[in-house]
Amino acid sequence: MSSLKTLSIFSFLFAALHFPSVHAATFDITNKCPYTVWAAAKPGGGRQLNNGQKWTISAAPGTTQARIWARTNCKFDGAGRGSCQTGDCNGLLACQGYGSPPNTLAEYALGQYANLDYIDISNIDGFNVPMEFSSASAGCTRVIKCTADIVGQCPKELKVPGGCNGPCPVFKTDEYCCNSGTCGPTPFSRYFKERCPDAYSYPKDDPTSLFTCPTGTNYKVIFCP
């Protein structure tokens, strides 16, 4: 994940003490793909979205390390157990944890220092569905998109059925995963960055990929905008 991983429980305590009157942010998640996706959120759970359908979730100030993504080619039984070709979260319809790569991610942390939310789209875990992550409030005009044909042009080393993996999940080395904290861009990360310049392509991609809106902003996530 991006630098949002560094935001800890202290962020929650800071928000609770300093922003007690700020309401939870809403996230309107809409599927505009010509196919069904199974939207997922941590926190939030999951829901099947046919073309044109919307699912609204909320998150309180102080929420960190949060993700929203789409799952594809899923099959679930009546108890909400099954599997997905991409983005699967331990075989559950209502996700309790993060999804399996590859999956295009909308990431956020709410109510952080200086009364700001931090938002981004990440391709570090790869790409499966085009995405827009943007403000739905007048106080912020930020729009982040990643809509390129990343799957169709995916390097053969990263290509999997239904998606294009990030190099970290494939090779699991410090060069790509940045476990030491000193990594830089690679030819594989540049593949993603050239096609989606506003999205994270490797873990230290903060300067061109991490954006802010005032705490209290509501948001929308669109699959296939």
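**Close-up views of a predicted model**

**View 1. Arg-195 and its salt-bridge partner.** Arg-195 is partly exposed, at 28% relative accessible area. The model shown here and in every other view is predicted. Which side chain does Arg-195 meet in a salt bridge? The partner is Glu-194, with N and O 3.7 Å apart. That distance qualifies because a salt bridge is counted within 4 Å. Glu-194 is exposed, with 62% of relative accessible area. Side chains of opposite charge can pair when their charged atoms come close.

**View 2. The buried residues of helix H4.** Helix H4 spans residues 187-195. Which of its residues are buried? They are Phe-188, Ser-189, Tyr-191, Phe-192 and Lys-193. The list thus includes a lysine alongside Phe and Tyr residues. Their cover includes strand E12 (163-164). Helix H2 (167-171) and helix H3 (174-177) also take part in covering them.

**View 3. A salt bridge between strands E9 and E10.** Glu-132 pairs with Lys-145. Their closest N and O atoms lie 3.9 Å apart. The pair links distant parts of the chain, 13 residues apart. Glu-132 sits in strand E9 (residues 131-135), and Lys-145 in strand E10 (residues 143-146). Are the two partners buried or exposed? Glu-132 has a relative accessible area of 8%, so it falls under the 20% limit and counts as buried. Lys-145 is partly exposed, with a value of 43%.

**View 4. The surroundings of Glu-132.** This view stays on Glu-132, in strand E9. Which residues does Glu-132 touch, leaving aside those up to four places away in sequence? They are Ile-121, Val-143, Ile-144, Lys-145, Lys-220, Val-221, Ile-222 and Pro-225. Lys-145 in this list is also the salt-bridge partner of Glu-132. Ile-29 gives a further reference point: it is 103 residues from Glu-132 in sequence. In space, the C-alpha atoms of Ile-29 and Glu-132 are 9.9 Å apart.

**View 5. The salt bridge of Lys-156 and Glu-157.** Here Glu-157 forms a salt bridge with Lys-156. The closest N and O atoms are 3.8 Å apart. Lys-156 counts as exposed, at 73% relative accessibility. Glu-157 is partly exposed, with a relative accessible area of 39%.

**View 6. A network of three charged residues.** Arg-67, Glu-107 and Asp-125 are linked through salt bridges. The network joins one arginine to two acidic residues, a glutamate and an aspartate. Across the whole structure there are 6 salt bridges.

**View 7. The whole protein, for orientation.** The chain forms 4 helices and 14 strands. Its radius of gyration is 17 Å, close to the 17 Å that the globule rule gives for 225 residues, so the protein is as compact as a globular protein of that length. Along the principal axes, the C-alpha atoms fill a box of roughly 50 × 45 × 30 Å. Of the 225 residues, 51% count as buried. Among contacts with a separation of 6 or more, 64% come from residues 24 or more positions apart. The exposed area is about 10,000 Å², and carbon and sulfur atoms supply 53% of it. The protein carries 19 positive and 16 negative charges. The mean positions of these two sets are 5 Å apart.

Terms used:
Residues are numbered from 1 along each chain as its sequence is written. This is a predicted model: local features need pLDDT of at least 70, side-chain atom pairs count only at pLDDT 80 or more; totals for chains, interfaces and linings use all residues. Side-chain values use heavy atoms; hydrogens and water are left out. Helices (H or I, at least four residues) and strands (E, at least two) are DSSP runs, numbered from the N terminus. The radius of gyration is taken over C-alpha atoms; the globule rule is 2.2 Å times the number of residues to the power 0.38. Buried means under 20% relative accessible area, exposed over 50%, partly exposed in between (1.4 Å probe, protein chains only). Contact means heavy atoms within 4.5 Å. Accessible areas come from the Shrake-Rupley method with a 1.4 Å probe; for residues, only the protein chains shown count as cover. Lys and Arg count as positive and Asp and Glu as negative; His and the chain ends are not counted. The place of a charge is taken as NZ of Lys, CZ of Arg, CG of Asp or CD of Glu.
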